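Work through the exercises below with the coordinates open, attempting each task before reading its solution.

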Amino acid sequence: MKVLVPHQKDQNIYLDEIIKYSESEFVFGNFKDFNSSFDIVNIQFPEAIFDWKVPTQTELNELESQIRIWKMSSKIVYTMNDFKKHYDKKENFDNLFSLIHKNADAVIHLGNYSMQHCQKMFSEDCIHTIIHHPLYSSLLESGKRENIEEIYKIDLENKFVVSVIGGIRSKEEMKLIFKIFKKIPVKNKFLVVPRMFQFLEIPDYIPYRFRKKYRKLMESLYCLSLSKKQYYFNSLFLDYSYLINLVDRSSVIIIPRVRNLNSGNLFLGLTFDKPMVIPGIGNLTEEADNFGLPVFDIINNSYEDVINKVLELEHNSYFQTKQFQDKKKEYQPEKIAMKYDSFFKSLIF
């Protein structure tokens, strides 16, 4: 089968894990690149269709016209990574998501929560299935390792490294990271967040020449509650060779998502057998329960109890047990790829 993904590859390589083992031919491109040779149009991230920029009404009209062409000879399959764009306060992307929801022939949900709570967003004849997020097995196989200390000029030797992978999308997420970090009962802890201030918006009234200073000032103010010797933050995307090294050296990974439906960071932690502090939201609760991992209640701020349980799991070498490792086999990319191929075939034949 031939599959068009109507946008460019995302920095998140989780789909690459599936493509590696899939019998289908995946083609990334512009939404106008469609032709009748494609059996499936698989939308992963609606925002990526317009390069993560807010689409104009004219662009939405063009997409809707193209969707009608897609439907004449193929099936539109939406992999539901989230029900709307992350932290889109002005709801600029709502019309785009609604257009995809209205026209999807089938939806791949990443968990039961999504399946149960989001079916109402789609048409009655839309077909739904659950196919879980794969592990990042290619990162384990990669021989390329770059020392995170060299790029960031930090010393992690003999430190209890607490890392947060992925961009921080709101002040709410940042505050959650600080709260959890402070509760970790370890003296030599050190917090590393490669993309901490992604959420920081500079007001339009700040002159361009002062914007860098404004940003530095705000970053300093946000960090007042932390000792300068306890953290390193940056705002840049971290190359995977450095990311692997950071995850390898992490004692605990914090997942600070508070509104998301899913998080690839959970599966990154599972891939590398890392203790994680996981919020009980969306599909994450189901996945954590499946692996026997504790989650914390965001509303009741139940951090301490969960942190102690997480540290106890590591102390008891839980991640090396047969129970945990057998469960991981169900999430290997080759198994997830087989499910994708099987579902695609069921829609076509």
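Two exercises follow, each with a worked solution.

The model is predicted, so local features need pLDDT of at least 70 and side-chain atom pairs count only at pLDDT 80 or more, whereas totals for chains, interfaces and linings use all residues. Residues are numbered from 1 along each chain as its sequence is written, and side-chain values use heavy atoms, with hydrogens and water left out.

**Exercise 1.** Determine which residues of helix 2 are buried (under 20% relative accessible area with a 1.4 Å probe, protein chains only; exposed means over 50%, and partly exposed lies in between).

*Solution.* Begin with the element itself, a DSSP run of H or I with at least four residues: helix 2 spans residues 57-73. Next, the accessible areas give Leu60, Leu63, Gln66, Ile67 and Trp70 as its buried residues. They cover an arc of only 120° around the axis, taken from the directions from the helix axis to the C-beta atoms, and therefore lie on the same side of helix 2. Finally, the face turned away from this buried side carries the exposed residues Thr58, Arg68 and Met72.

**Exercise 2.** Establish which strand 3 residues are buried on each side, and how strand 3 is joined to strand 4.

*Solution.* Taking the faces first, Ile40 and Asn42 are buried on one side of strand 3, and Val41 and Ile43 are buried on the other. For the pairing, which requires that DSSP finds at least two bridges between two strands, strand 3 and strand 4 run parallel and are joined by 4 bridges. Within strand 4, lysine 75 is the bridge partner of isoleucine 40.

How values were computed. Helix = DSSP H or I, 4+ residues; strand = E, 2+ residues; numbered from the N terminus. Expected span 1.5 Å × (residues − 1).
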